[in-house]
Amino acid sequence: MRYINNKFFIEGKDIRSLTKKFNTPLYCYSYKNLRENVENFKKAFKEIKPLICFSVKSNSNISLLKEIKKLGLGADVVSKGELYASLKAGINKSKIVFSGVGKTKNEIEYAIKQKILLINSESLSEVLAIEKAAKKLNKIVDIGLRLNPDTDAETLKQISTGKSENKFGVDKKTFVKIINLMKQSKFINIKCLSVHIGSQILNHKPYEKMLNVLDKLLKNLDYKFEFIDLGGGMGINYDHKTKKLNYTKYKKSIIKFKNKYNCKIIFEPGRSIIGNVGILASKVIYLKHNKTKTFVILDAAMNDLIRPALYNAKHRIVPSLRNMSRSKKILEFVGPVCETTDKFLTERKFQNIKENDIMIICDTGAYGYSLSSNYNLRLRPAEILIKGNKVKIIRKRQKITDII
Ligand code: LLP
C-alpha cells in the first residue's frame, strides 16, 4: 500500500476506483502484505521450527483463511464457528488448536470428533468436561493446559490476559494439581502447556518474564510436555513511529528455553499476521464546523471498527488523494452512530477535506471486521482482496434482508 502520484494504491489498484465500484465503507486487504507477514514471521523464528497457528478471531474471513492455509499456517480457534470455518478453509486438523475459557459440551464433542491437534483447556472443570466427552465418544484426547503466569504484558489493560486477576488459565498450584490428577486418566493426555499473556505487546521483556515463570515451574515438575504453546500477542506498529515487537530478541529467549526442555513450540499470532494487511475505506458524508474544530462525519462507524471506541486505540487516517494544503482547524473524524464514543481520531495537522472525499483508516486487518456488529441496525461492510491487479469480493455487503 503506497501513494503513486499522491493517489493511494493497494497493489495495482487506486483505492478511489475500488470505492466507486464497491461502495463504502469497504474493508480492503492486500495479498502481498499477507504473504510478506507470513514469510517474515517464518523467517524470524526459523531455528525454532514452530507450528504457527493463525489466531482466527483476529480475522475469520474464509477466503483469507484459505490464503493463510496455502501459506502453510494452522489455526488457533476459540469457538465451534471458528473451528468449522478453519476446516472449511482446508486447514489441516493436525495444525488446529482450540483455546478459550468456556468451551461448551457441544463444542468439546465437535472438536474431539474432528481430531484436532489440541484442545487447550483453562480450568479443572473444563478438563473434566473434556474427559467426560472423551469417555462418551470412546476416544483418547490430547489436550493443553493453560497456565496463568501472573506476568504483566505491559499493554492495554483491556487486552492483558496473563495477570492473576484475569480470567484466563490456571495458577501454578492448580496447574500442578491438574497435571497430577490427569496422570491416571485413560482418556486424557496432557501434551501441552499453553500461555498467552496479552495482545499488542511491543516489548520482548514481558515474554522473557513469562518464559522464566515457565522455567521455574517445569524445573520442579517431573513431567514432559511435547508442546509449549506460547500464544500470540506480537504487537505491530500502528502509529508508524514505535517499533513492532522485536522478533529476534524474543526468539533468543525461546531458543534457550527450547534447548533446555526439548519441546515443540506453537505460536498463535493474529494481529502480526493480518493487522497491516487491511484498511477500511470510508467516505466523508458531511463536514460540520464548531468554534474550535471540524467534525469529519464518515460513513464508517464504531459498528464497522470498534477498536477506537472500545480501547481508545489509534488507527492512522490518511487521505485517498494527497495534496499540500493544511486544514486551519482541528479535525475530528467521527462516525454516524448515536454514541459519543463513535469517534476515530482527532488530528491537528491534516490537509483540507471536502465532502465525498475518501479516507483510509489504516491497519484494520485484525479485530476490524471480526469485531463488527449491526448496532444501530447498520449493515456490515463488504470485504475485498487485492492481488496485484486482481480484485475479489471476499464478503458481500450485508443487505437489510440478511438480518431482518
Ligand atoms: N491466542 C489467544 C489465546 C488469544 O486470546 C489471542 C487474542 C491470540 C492468541 C492472538 O493474539 P494477537 O497475536 O492477535 O495479539 N480485540 C483486541 C485484541 C483481543 C485479543 C484477544 N486474544 C484488539 O482489537 O486489540
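Trainee: By class, which residues make up the shell around the ligand?
Mentor: The shell has 5 nonpolar, 7 polar and 6 charged residues. Nonpolar means Ala, Val, Leu, Ile, Met, Phe, Trp, Tyr, Cys and Pro; charged means Asp, Glu, Lys and Arg; the others, Gly among them, are polar. This is a predicted model: local features need pLDDT of at least 70, side-chain atom pairs need 80 or more, and totals for chains, interfaces and linings use all residues. Numbering runs from 1 along each chain as its sequence is written, and side-chain values use heavy atoms, without hydrogens or water.

Trainee: Which residues come nearest the ligand?
Mentor: S199, E268, R307, Y311 and Y367, out of 18 around the ligand. A residue counts if one of its heavy atoms lies within 4 Å.

Trainee: What lies 2.8 Å from an oxygen atom of the ligand?
Mentor: A backbone N or O atom of G233. G270 also places a backbone N or O atom by a ligand oxygen, at 2.9 Å. D76 uses a side-chain N or O atom, 3.4 Å from a ligand nitrogen. The cut-off for such a polar contact is a pair of N or O atoms within 3.5 Å. The protein covers 92% of the 590 Å² of accessible area that the ligand has on its own (Shrake-Rupley, 1.4 Å probe).

Trainee: Why does the ligand lie between the domains?
Mentor: Both domain 1 (2-29 + 275-403) and domain 2 (31-271) give residues to the shell, so the ligand lies between them. The bounds come from an automatic or database domain assignment.

Trainee: How far apart are the C-alpha centres of domain 1 and domain 2?
Mentor: 32 Å. Their contact takes 24 residues from domain 1 and 23 from domain 2, counting heavy atoms within 4.5 Å.

Trainee: New topic. How many disulfides?
Mentor: 0. The cut-off is two cysteine sulfur atoms within 2.5 Å. The sulfur of C192 has its closest cysteine sulfur in C263, 9.2 Å away, too far for a bond.

Trainee: Is C192 buried or exposed?
Mentor: Buried, at 0% relative accessibility. C338 is exposed, at 65%. Buried is under 20% relative accessible area, exposed over 50%, partly exposed in between (1.4 Å probe, protein chains only).

Methods. A polar contact is a pair of N or O atoms within 3.5 Å; within protein, one must be able to donate a hydrogen and the other to accept it, and residues adjacent in sequence count only if both atoms are side-chain atoms.
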